[in-house]
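Subject: Structure handover

Hello,

Here is the structure we spoke about. Please open it first, then read my notes below.

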Amino acid sequence: MPSELTAGRTVTDVPVAPRFFTLEQRAALGRLGWGTLSVGLFFGIWELLWYLGIADPKLLPPPHIFLGNFADQARFFNTATRWQIGVNPADGPSPYEAVAITIGATSARVFVGLGIAAVLSITIGVLIRYFQFFEKLVLPTLTLLSPVSPIAWLPVAIFIFGIGNKPAVFMVVIALFFHMVLSTISQIDNVNRNLINVARTMGASKRQIYWRVIIPAILPQLLIVLRLNLFGAWMVVLVAESTGVGFGLGQVIMLARNTFNPSLVFFTIAVIGLLGFLSDWALRVIQRRALYWVPETAGVLRGL
Amino acid sequence: MASKPIQPFSRQEAVVCRGIAKTWAEGTPRAHEALRDIDLDIQPGEFVVLLGPSGCGKSTLLYLIAGLEARSRGEIWSFDDAVTSPSPDRSLIFQETSLFPWLSVWQNVAFGLSLRGDPLEERRRAAEAALARVGLAEAMEKRPDELSGGMRQRVAVARALTMRPKVLLMDEPFAALDVQTRAKMQDFLLDVWRDSGASVLFVTHSIDEAVALADRVVVFTARPGRIKSIIPVDLPRPRDPFAPESESLRRRLMEELRSEVDRAFAEQEALVGA
Ligand SMILES: Nc1ncnc2c1ncn2[C@@H]1O[C@H](COP(=O)(O)OP(=O)(O)O)[C@@H](O)[C@H]1O
Ligand SMILES: [Mg+2]
């Protein structure tokens with residue numbers, strides 16, 4: 001093996017590791033290292049408790065058990081075709097594919113919901129500030145409905161949309177919508193007046209002020225609101241799925257509960273945790289790309 | 001001064017203010033009188049400095065002349081037009097940065113042109129010319145937060161100039177800059193003013209700045225702001241800040257201001273119950 005890797009190379013070709021990484025990459029590696037250490041410590045304590053006989057493996061199976069037998073856990077993800085009449089379960093996707101399909105389905109519901117919620121609530125929020133009659137007509141109802149917990153909307157989702165993707169997406173939209181509309185309005189009210197006045201002195205129409213000044217000015221804060229609500233979106237999707245709106249990670253958790261399978265519960269929790277983390281990271285990347293002009297402030301706090 | 005008869009004007013003046021008054025939140029319990037009985041004429045191409053203690057209503061007057069806020073009483077004319085709303089003929093430059101952070105420097109400068117729908121090529125060329133005039137041709141593609149405070153204010157000036165305003169209203173534009181940068185910016189502003197031909201109404205609370213820039217200095221009283229005196233400055237440019245004439249002008253302005261600053265202080269102390 002080693003001779004194969006270095007074949008055709010002189011000794012000087014061998015790269016020196018530190019020069020290979022930029023400062024930024026090194027910071028990322030550092031974060032990865034700390035992340036691994038943090039999770040490793042958590043799992044280590046758990047394993048220790050199991051080893052000492054304090055954690056009952058039937059109720060709190062340690063990571064090496066619930067992560068150990070992937071194929072065994074994956075079996076339970078085969079919910080994609082189970083409930084469809086006239087389909088032979090053997091024709092369904094393989095367990096690994098089933099895991100991928102389940103994860104994909106749940107993530108897609110989260111992100112489609114986020115997208116719809118963002119577009120819808122920004123539009124409504126802007127219209128409320130743009131047209132006074134619209135504000136008078138709509139805002140009282142929105143304010144009244146905003147404190148209602150999204151879970152309370154679950155029956156409504158099922159009445160209206162039955163089962164499938166739609167009620168789960170609806171739940172995500174509902175969970176974010178009211179909060180984001182109100183947030184949009186308050187962001188609009190907080191736009192730097194000078195920016196608006198500059199546009200006005202240059203002859204901007206009301207429409208141009210909204211499109212060219214107000215909307216770009218409020219986007220950064222709204223993306224942060226969206227990110228803060230991401231975990232909430234994951235939560236309501238799981239709830240929606242667990243009540244039988246179709247297949248998905250919530251469905252698997254429910255299955256695990258009903259069949260008393262702690263390993264499956266923890267396996268699914270691990271998957272959900274990882275997905276939540278990855279989607280937050282994805283939104284952060286989008287935030288940095290789309291909102292290139294917003295300075296990063298985290299460094300300031302780190303200096304304290 | 002309050003009982004001065006209304007004087008005729010030819011409508012060739014760059015700005016004419018007659019009997020201007022402004023009370024913020026008028027008719028509410030929070031009503032707050034900012035300006036009273038302002039009569040002021042500004043000739044085309046003239047450089048007028050408004051000097052007064054902070055809080056006396058200088059910014060308020062600029063906002064009224066820009067047409068950004070409604071006045072409580074009085075009339076404002078600019079050349080042939082009664083001022084009722086903002087116009088590209090009257091550009092306002094703010095004390096704090098007012099560049100759009102999401103646009104590049106040249107897009108900021110060309111913002112007004114893009115509102116009019118000018119084609120991209122033209123906008124770029126106009127922005128390039130304006131930026132060259134303020135010595136920032138290199139910074140076209142930069143973002144505002146990559147610039148220093150002085151550079152940002154120069155971009156703001158370039159942005160105002162692309163609209164070819166007849167009146168340039170400036171609200172303490174250099175107040176946040178250090179002394180050396182500020183002196184440079186004053187020289188630069190005088191250059192720009194000379195070749196643009198616009199009238200400038202420049203607000204400051206700095207006597208040195210007034211001495212360096214003004215054709216006329218308008219001294220305000222403490223709030224509610226009224227015009228206390230108008231002092232013509234006949235010193236040739238470029239001005240030597242240490243010349244005896246500059247020195248005596250500075251002393252005169254200081255005397256005019258002192259009692260007003262004392263009054264402004266007394267009022268502020270009364271407000272907080274000291
Ligand atoms: N938008 C506003 N609403 C209410 N009061 C205002 C507003 N802008 C300024 N004022 C008040 O008007 C007075 C004059 O303010 P301003 O014109 O900003 O003073 P200056 O620019 O001379 O420091 C101050 O007492 C200030 O508190
Ligand atoms: Mg002011």
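Helices and strands here are DSSP runs, numbered from the N terminus; a helix is H or I over at least four residues, and a strand is E over at least two. Please keep in mind that this is a predicted model.

**Backbone oddities in chain B**

I start with B:Phe79. This residue sits in the loop between strand S4 (73-78) and strand S5 (81-82) of chain B. Its phi is positive, about 50°, although B:Phe79 is not a glycine.

Next, the cis peptide bonds. One joins B:Arg223 and B:Pro224, with omega at about -5°. B:Pro224 belongs to the loop between strand S9 (216-220) and strand S10 (227-232) of chain B. Another cis bond runs from B:Arg237 to B:Pro238, and here too omega is near -5°. B:Pro238 is found in the loop between S10 and helix H8 (244-271) of chain B.

**Ligand 1**

B:Arg223 comes up again here, as one of the residues around ligand 1. The rest of that shell is B:Trp24, B:His32, B:Ala34, B:Ser54, B:Gly55, B:Cys56, B:Gly57, B:Lys58, B:Ser59 and B:Thr60. By class, the shell has three nonpolar, six polar and two charged residues. Strand S2 (32-42) and helix H1 (58-66) of chain B each provide at least two of them. H1(B) gives the largest share, three residues.

Which side chains come into polar contact with the ligand? An oxygen of ligand 1 is 2.6 Å from a side-chain N or O atom of B:Ser59. For the side chain of B:His32, the distance from a ligand oxygen to an N or O atom is 2.7 Å. The backbone takes part as well: a polar backbone atom of B:Cys56 is 3.2 Å from an oxygen of ligand 1. On its own, ligand 1 has 550 Å² of accessible area, and the protein covers 62% of that.

**The interface of chains A and B**

How many residues of each chain are in contact with the other? The count is 19 in chain A and 25 in chain B. About 2,000 Å² is buried between the two chains, with carbon and sulfur atoms giving 62% of this area. On the chain A side, A:Thr201, A:Met202 and A:Arg212 lose the most area to chain B; together they make up 34% of what that side buries.

The rule finds one salt bridge across this interface. It pairs the side chains of A:Arg193 and B:Glu69, N to O at 3.8 Å. Four residue pairs are in polar contact across the interface, both partners at pLDDT 80 or more.

Helix H11 (193-201) and helix H12 (206-228) of chain A each supply at least two residues of the side that touches chain B. H11(A) gives the largest share, eight residues. The touching side of chain A holds 10 nonpolar, six polar and three charged residues.

**Salt bridges overall**

Side chains of opposite charge can pair when their charged atoms come close. Over all chains, the count is 22 salt bridges. One to look at is B:Arg18 with B:Asp41, where the closest N and O atoms are 2.9 Å apart. This pair links distant parts of the chain, 23 residues apart: B:Arg18 is in strand S1 (residues 15-24) of chain B, and B:Asp41 is in strand S2 of chain B.

Over to you.

Best wishes

Technical notes:
Residues are numbered from 1 along each chain as its sequence is written. Chains are lettered from A and ligands numbered from 1 in the order in which they are written. This is a predicted model: local features need pLDDT of at least 70, side-chain atom pairs count only at pLDDT 80 or more; totals for chains, interfaces and linings use all residues. Side-chain values use heavy atoms; hydrogens and water are left out. A residue is near a molecule or strand if one of its heavy atoms lies within 4 Å of it. A polar contact is a pair of N or O atoms within 3.5 Å; within protein, one must be able to donate a hydrogen and the other to accept it, and residues adjacent in sequence count only if both atoms are side-chain atoms. Accessible areas come from the Shrake-Rupley method with a 1.4 Å probe; for residues, only the protein chains shown count as cover. Ala, Val, Leu, Ile, Met, Phe, Trp, Tyr, Cys and Pro count as nonpolar, Asp, Glu, Lys and Arg as charged, and the others, Gly among them, as polar. Contact means heavy atoms within 4.5 Å. Buried area is the accessible area (1.4 Å probe) that two parts lose on being put together, summed over both. A salt bridge is a side-chain nitrogen of Lys or Arg within 4 Å of a carboxyl oxygen of Asp or Glu.
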